[in-house]
Amino acid sequence: MGTFAAVTGMNDLLPGPEGDRVRALLAAFRDAAARYGFGEVRTPLLERAELFERGVGAATDIVDKELFTLADRGGRALALRPEGTAPAARAAIEHGLVGRDRVLRWCYAGPMYRAERPAKGRFREFHQVGAEVYGDPSPAVDAEGIEMAVSFLRGLGLARFAVRVNSLGGPETRAAYGRALFEHFNARRGDLSEEGRARLDRNVLRLLDAKDPRDRAAAEGAPSILAALAPVDARHFEAVQGYLAALGVPFTIDPTLVRGLDYYSRTVFEITDQSGALGAQGALCGGGRYDGLFGALGHPEPVPAFGFAAGVERLLMAAPSDPAPVAFRAAVVAAAGPAEGAVRDAALRLAQRLRAASVRTHLDTRFGSLRSQMRRASDEGAEVVLLLGATELAAGTVTLKRMATGEQQTVTLDLAVESVVTDARWRTRGGA
Ligand code: HAM
């Protein structure tokens, strides 16, 4: 009988160093989000497919070509979420939380699904961390959001990345610009790649970030959206740039940055890796303002909104890996011999107390010979071993052994946990 492999483009995350890195990244994101005042939302992996058709846009690659869909028992089309912005907005509307000048800050972390062609850094199941602000039209929100993304990336140890910003203006600007762009490319239709011609007819703005050299050549001399911005949008964009400068965020303006999702208006931004760790899939993080999404999802009042999301797998590929594996701090070893049952009970209880005091503790529950338990403790990286035998148990004590020096010390069972904890504190402060 054959065995099974994971579905193409989907990966297992196994316990070990990679799992530890993911956990640390999520903790860093949650910590950053809390510092900026974001509360965490979790929405289902499945939504009505129409949410993405109306929210993200039926003509986008994400919805048109990459949606994983299935029918529910009543035959209605469901989709595995390809992104988190439309679902979070759906939830905010459904729970009646937006409107009436309320400002909400929501963040999320979780898997997303896109049936893309798998490549380095491009998966069919991947994970995003994201943040969204509802109800505040100020350009300061855009700048703070970009600054938060940048400081989160820096906190992960990423140093080589580039921040590009652009403005798409309001819906009228976008429509008028789309027509001008269509004229430009339509005059060069014969020079475009097949994919380029498809974009021309479906979603002309996306021709600006096409990768095919023929499409790039045809983009030469295309009109710039920045010249088409309405005065009110141009002022917004200038204010965003002013705040970014005040916050010390380095950025460049890229008038060809259009993003692959239809809901954006005004500010858009993308952060790309410059270390080369990601090859062609350099986008680490992207987002922007989407003042029209709530209306498109049926909310009666407009709700200005801004947000971004970053790809967890890509961040991990670009971030320096921590060379120090997370090891056990302590191991409890139970000697065999007389009163073995009572010694094991005491060992289990001691491990329980150490863990309750936040000490990462190993206990070899196979309880082999003293030698094999000591070897295992050392293999697991334990810095201190707490040794319990019949003699110790009778005396109410435990022997602490520091693995690095071999130094031993007998303490009462009551004080054992405290000794390990204060010893760790002392070592950390001493910088050893
Ligand atoms: P996005 O640019 O489609 O934006 O995705 C954000 C990030 O998710 C990308 O920069 C990339 O790091 C990661 N990503 C996307 N697709 C894949 C993939 N197939 N494999 C691995 N990583 C991937 C959004 O999803 C918007 N919802 C962002 C946003 C939030 N805009 C406003 N609020």
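In the predicted model, a backbone N or O atom of L284 is placed 3.1 Å from an oxygen atom of the ligand. Of the 660 Å² of accessible area that the ligand has on its own, the protein covers 96%. Two side chains also approach nitrogen atoms of the ligand: an N or O atom in the side chain of E132 is 2.8 Å from one such atom, and a polar side-chain atom of Y263 lies 2.9 Å from a ligand nitrogen.

The shell around the ligand comprises 26 residues, of which E83, E116, F123, E132 and Y264 come nearest. By character, these shell residues divide into twelve nonpolar, seven polar and seven charged. Strands β6 (125-134), β10 (283-289) and β11 each supply at least two residues of the shell, and β10 gives the most, with five residues.

Aromatic side chains form a further set of contacts, with seven aromatic pairs in the structure. The rings of Y263 and Y264 have centres 4.8 Å apart and planes at 65°, so this pair is edge-to-face. Both Y263 and Y264 are buried. In the pair formed by F269 and F306, the ring centres are 6.2 Å apart and the planes stand at 10°, so the arrangement is stacked. Because F269 belongs to strand β9 (residues 267-273) and F306 to strand β11 (residues 305-311), this pair ties together parts that are 37 residues apart in sequence. F269 and F306 are both buried.

One aromatic cluster is formed by W106, Y134 and F294. In addition, the charged end of R360 sits over the ring of F328, at 5.2 Å from the ring centre.

Technical notes:
Residues are numbered from 1 along each chain as its sequence is written. This is a predicted model: local features need pLDDT of at least 70, side-chain atom pairs count only at pLDDT 80 or more; totals for chains, interfaces and linings use all residues. Side-chain values use heavy atoms; hydrogens and water are left out. Rings of Phe, Tyr and Trp (its six-membered ring) pair if their centres lie within 6.5 Å; planes under 30 degrees apart count as stacked, over 60 as edge-to-face and the rest as tilted. Buried means under 20% relative accessible area, exposed over 50%, partly exposed in between (1.4 Å probe, protein chains only). Helices (H or I, at least four residues) and strands (E, at least two) are DSSP runs, numbered from the N terminus. A charge sits over a ring if NZ of Lys or CZ of Arg is within 6 Å of the ring centre and within 35 degrees of the ring normal. A residue is near a molecule or strand if one of its heavy atoms lies within 4 Å of it. A polar contact is a pair of N or O atoms within 3.5 Å; within protein, one must be able to donate a hydrogen and the other to accept it, and residues adjacent in sequence count only if both atoms are side-chain atoms. Accessible areas come from the Shrake-Rupley method with a 1.4 Å probe; for residues, only the protein chains shown count as cover. Ala, Val, Leu, Ile, Met, Phe, Trp, Tyr, Cys and Pro count as nonpolar, Asp, Glu, Lys and Arg as charged, and the others, Gly among them, as polar.
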